[in-house]
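Biologist: Please take a close look at the aromatic side chains in this model, and then at the charged pairs. I would like to know how each contact is classified, and on what grounds.

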Amino acid sequence: MSQTQEQMMITLYADSRLKSLEREKSAIEKCFFESDTDTQIIIKELYFRRYPKYTTEGLSLNHVVNCSIRTIKRM
C-alpha cells in the first residue's frame with residue numbers, strides 16, 4: 001500500500017469518526033434542551049461542571065432541584 005493510499009484511509013476513518021461524534025453531540029444536545037429545568041440543573045452540576053459543588057444528595061437536600069434523592073438517582 002502506498003503512502004497516499006494509507007493517508008487516504010486514515011483521512012476517511014477520521015472523517016467517519018468525526019461524523020459519528022457530531023451525531024452523538026447533536027443527540028445529546030437535543031435531549032438536554034428538551035428536558036425540564038430540574039433535569040438540566042442535575043446534568044449541568046453532575047456532568048458538565050469541572051468541580052461539582054453538589055452531589056446527588058446535596059442537590060436534593062439543599063433544594064437546588066425539586067426532586068427527592070431517589071428520583072435524582074433514577075434520572
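Modeller: Phenylalanine 33 counts as exposed, because its relative accessibility is 61% and the class begins over 50%. This is a predicted model, and the values below are computed from it.

How many aromatic pairs does the ring criterion give? The count is two. One is formed by phenylalanine 32 and phenylalanine 33: the ring centres are 5.2 Å apart and the planes stand at 80°, so the pair is classed as edge-to-face. The angle decides this, because planes over 60 degrees apart fall into that class. Phenylalanine 32 is buried, at 11% relative accessibility, whereas its partner phenylalanine 33 is exposed at 61%. Phenylalanine 32 also pairs with phenylalanine 48; here the centres are 5.8 Å apart and the planes are at 55°, so this pair is tilted. An angle of 55° is neither under 30 degrees nor over 60, so neither the stacked nor the edge-to-face label applies.

The pair of phenylalanine 32 and phenylalanine 48 links two helices. Phenylalanine 32 belongs to helix H1 (residues 3-34) and phenylalanine 48 to helix H2 (residues 37-48), so the contact ties together parts that are 16 residues apart in sequence. Phenylalanine 48 has a relative accessible area of 51% and is therefore exposed, just as the over 50% cut-off requires. Taken together, Phe32, Phe33 and Phe48 make up one aromatic cluster.

Helix H2 also holds tyrosine 47. Tyrosine 47 is exposed, at 63% relative accessibility. Its C-alpha atom is separated by 19 Å from that of arginine 23, and the two residues are 24 residues apart along the chain.

Now the charged pairs. Side chains of opposite charge can pair when their charged atoms come close. The search of the whole structure returns five salt bridges, and three of them are described here, beginning with glutamate 29 and lysine 25, whose closest N and O atoms are 3.3 Å apart. Glutamate 29 and lysine 25 are four residues apart in helix H1, so about one helical turn separates them. Glutamate 29 is partly exposed, with 36% relative accessibility, while lysine 25 is exposed at 51%.

Another salt bridge joins glutamate 45 to arginine 49, with 3.0 Å between the closest N and O atoms. Glutamate 45 is buried, at 7% relative accessibility, because the buried class covers values under 20%. Arginine 49 is partly exposed at 40%.

A further salt bridge is the one between the side chains of lysine 73 and glutamate 57, at 3.1 Å from N to O. Lysine 73 lies in helix H4 (residues 69-74) and glutamate 57 in helix H3 (residues 56-61), so this bridge connects parts that are 16 residues apart in sequence. Lysine 73 is exposed, with a relative accessible area of 54%; glutamate 57 is partly exposed at 29%.

Definitions and conventions. Residues numbered from 1 in each chain as written. Predicted model: local features only at pLDDT ≥ 70, side-chain atom pairs only at ≥ 80, totals over all residues. Heavy atoms only, no water. Phe/Tyr/Trp six-rings, centres within 6.5 Å; stacked < 30°, edge-to-face > 60°. Buried < 20%, exposed > 50% of the residue type's maximum accessible area, 1.4 Å probe, protein only. Salt bridge = Lys/Arg side-chain N within 4 Å of Asp/Glu carboxyl O.
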